[in-house]
Amino acid sequence: MYTIESGNVAAALGVKLAGAQVIAAYPITPQTPLTEKLSEFIESREMDAQYIPVESEHSALAVCIAASTAGARAFTATSANGLLYMHEQIHWAAGARLPLVMCVVNRGVGAPWTVWNDHQDSISQRDTGWIQMYVCDHQQIVDTVIKAFRLAEAVSIPVMVCYDGYLLSHTYMPFDIPDQKSVDGFLSPYRPEYALDPDKPANFNTVTLPDVRADIHGRMSHGYMEVRYLLQEDMRKAIDVAGDIEKRFKQIFGRGGEPYVESYRCEDAEFIAVSMGSLAYQLRDVVDMLRDEGYKVGIAAIRLYRPFPDQAIAKTLEKAKGVIVFEKALSYGYQGPLCADIQSALYAQSNGRKKRPSVYPYILGLGGREIKTGDLINAVRRVCTETSTDTPDTLGWIGLKI
Amino acid sequence: MHAKTNIFNLPETEFVHPGNRACAGCGLGIAYRIGLKALGKDTILVVPPSCLTVLQGLYPIAATKLPCLNVTFASAAAAATGVIGALQAFGREGINVVAWAGDGGTSDIGLQALSGAAERESNFIYICYDNEAYMNTGVQRSGTTPCGALTATTPIKGKLQKKKDVPAIMAAHHISYVASCSAAYPIDLYDKIKKATGMTGTKYIHIHTPCPPGWGFDPRYTIKMGKLAVESGLYDLYEIECDQFRLTDASEKLLKKKKLRDVDKYFKSQGRFKIMTDDQISAIREDIHRKWEAYWG
């Protein structure tokens, strides 16, 4: 059924269709309409779930961690400083291998205070062991929330579904609401192998030693490092699992099919722009306009950021002369994290056999600074007409007024 | 009507394995063993970092025969709420959800989550065992360390501030049940935890647990220290039900007896109070008497 609704409502509909059983959240702009909608679904009995109005984001994730350990499908959502306040719990949820899903409604982080969009909040949580998916429009929000639960439960790793604050969360777009029956066919009820249960007592997240240790029967059990190695192994395997889930979703719902990189006019492109979130769709206009001017350009939207689908990304980009990375986040003191990841993927894939594309890094849109399509056109055109093929050693800033 | 609880009719089932990692003479060890007897098999425990994390054992060996979720330091009460949420989602009833935390995890870093859970009237029992400092990390001062005590972070002057009254904070939330007990009075402790299992809403139980290495006394005197604190009127055994305060057990006896032991002995028996002057002890003695004059009316 088609509707016209906000991105936050699209997310709430996804959570409802996925049948989350325990939801805990603390208000923060621009996430609030999402959790307000969920509490409305639950109070009106449209949705059968427990809504726990906690006193902080740290507690929101604590509730989800505990509910998930007890065997429930759990969900939370936050933004910016709320996400950072969860930081310890974010690591904990991944280490405990709990299949939580969290929407991160992307917003810049203080100080100084900003309520507007950039990606610094979720990108700063990159190394916590969570899967991170970025979406470009409302249809992808509702679909990705449903896929995220299936992926999280398939690999026992929590998933963040990241979408742009205001640009997606508060704008209205038409999208198709998947029907409940099809969602039920796609996503089975959550049945964990281990759960808190007085009939089967177990101690969860016990202090674990640096080395392996025998149990009371003499069988060796993992040390901390084995536990963490398995998280890394399963994260890498999650790339293929995400691909399989995407295929299955497309079979049932007839859309999607690009779990890693959503490419637009990249096949013959000499220059490819790379971005995440709604900016990638804005860049489609840029690509169309520059194509009209005769430039062979394309845009690749990174949809799965962790685990990093390096092979798929390198395959998309390796034939291009130049790659232009537009980022709304920074690793202060170096460059944009996505840019570093892309350079790393291209370096590993080309393995010295052929020339790698030059990579042009741009930072833009921090704290909601307006991203003008004209500025993007100029930036891409400038790269296309660049005579030097060396990767520049300075970071480009778009829209900066200093 | 149940027969009065005594040492002979306590349940024989043990939920804590012997030979766990608690120190010799650990007050928590006593309270935990008796407390779990009161809670029984149908219990899920939530434990933040504390001496109890150590007592629980190192993976893959566990000292408790009940399901136990170890959580981050500040989140015990919130995590307990999450377990309740899951059980409600499954329609599962008759399981005690119990957060069991130390005084630092309760009075300091865990207080916000505890206050939130109490305000939400979460249906769980929160047990704080109070050994009056961060013992697990090597005896640093906490919000419940008493005035005058030497700790690793008050090494020369002793703590200059008063002990935080956490049960009073919890009583201000008007929750179903607040109780104060001591490892030195295990029957009183058992009865209060047992009572809490039959109530709905938030139940808060505070247990005074003497700590031989942290307080500086011989491990054989754990019970003696706990009793001295109660008999000298310094630490009171009570319960607050429907906002009604009532002294229990040994403290109730003091109410009738109208006489307290001199608190001097309590302070003189512990290494942590060795720098306290007689003037400081006298000031505390006066505070105690003022409090008890009010009890005696």
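**View 1. A strand of chain A pairs up with a strand of chain B.** Here β9(A) is joined by 2 bridges to β2 of chain B, which covers residues 68-70, and the two strands run parallel. Look for A:Asn203: it stands opposite B:Cys68 in β2(B). Keep in mind for this view and the ones below that this is a predicted model.

**View 2. Chain A meets chain B.** Zoom out a bit and you find 41 residues of chain A in contact with 40 residues of chain B. Together the two chains bury about 3300 Å², with 63% of that on carbon and sulfur atoms. Three names to look for are A:Pro198, A:Asn203 and A:Arg213, which supply 19% of the area that chain A buries against chain B, more than any other three residues. So that makes A:Asn203 worth a second look, since you met it opposite B:Cys68.

**View 3. Salt bridges and polar contacts between the chains.** There are 4 salt bridges across the interface of chain A and chain B. One of the pairs to find is A:Asp199 with B:Lys41, a salt bridge whose closest N and O atoms are 3.0 Å apart. On top of that, 13 residue pairs are in polar contact between the two chains, both residues being at pLDDT 80 or more. On chain A's side, β3 (50-53), α3 (57-69), α5 (87-95), β9 (203-204) and β10 (213-214) each supply at least two residues. The most comes from α3(A), with 7 residues. Sorted by class, chain A's side has 21 nonpolar, 14 polar and 6 charged residues.

**View 4. Two domains inside chain A.** Now stay within chain A, which is divided into domain 1 (2-186) and domain 2 (263-398). Their C-alpha centres lie 28 Å apart. Where the domains touch, 21 residues of domain 1 are in contact with 23 residues of domain 2. The pair buries about 1900 Å², 54% of it on carbon and sulfur atoms. In domain 1, A:Arg126, A:Tyr134 and A:Cys136 lose the most area to domain 2, together 31% of what that side buries.

**View 5. What links the two domains of chain A.** The count here is 2 salt bridges. To spot a salt bridge, find A:Lys328 and A:Asp164, with their closest N and O atoms 3.9 Å apart. The domain interface also has 12 residue pairs in polar contact, both at pLDDT 80 or more. On the domain 1 side, α6 (120-123), β6 (131-134) and α7 (138-155) each supply at least two residues, and β6(A) gives the largest share, 4 residues. By class, that side has 10 nonpolar, 7 polar and 4 charged residues.

Key:
Residues numbered from 1 in each chain as written. Chains lettered and ligands numbered in written order. Predicted model: local features only at pLDDT ≥ 70, side-chain atom pairs only at ≥ 80, totals over all residues. Heavy atoms only, no water. Domains from an automatic or database assignment. Contact = heavy atoms within 4.5 Å. Buried area = accessible area lost by both parts, 1.4 Å probe. Salt bridge = Lys/Arg side-chain N within 4 Å of Asp/Glu carboxyl O. Polar contact = N/O pair within 3.5 Å; in protein donor to acceptor, adjacent residues only side chain to side chain. Nonpolar A, V, L, I, M, F, W, Y, C, P; charged D, E, K, R; others polar. Pairing = 2+ DSSP bridges.
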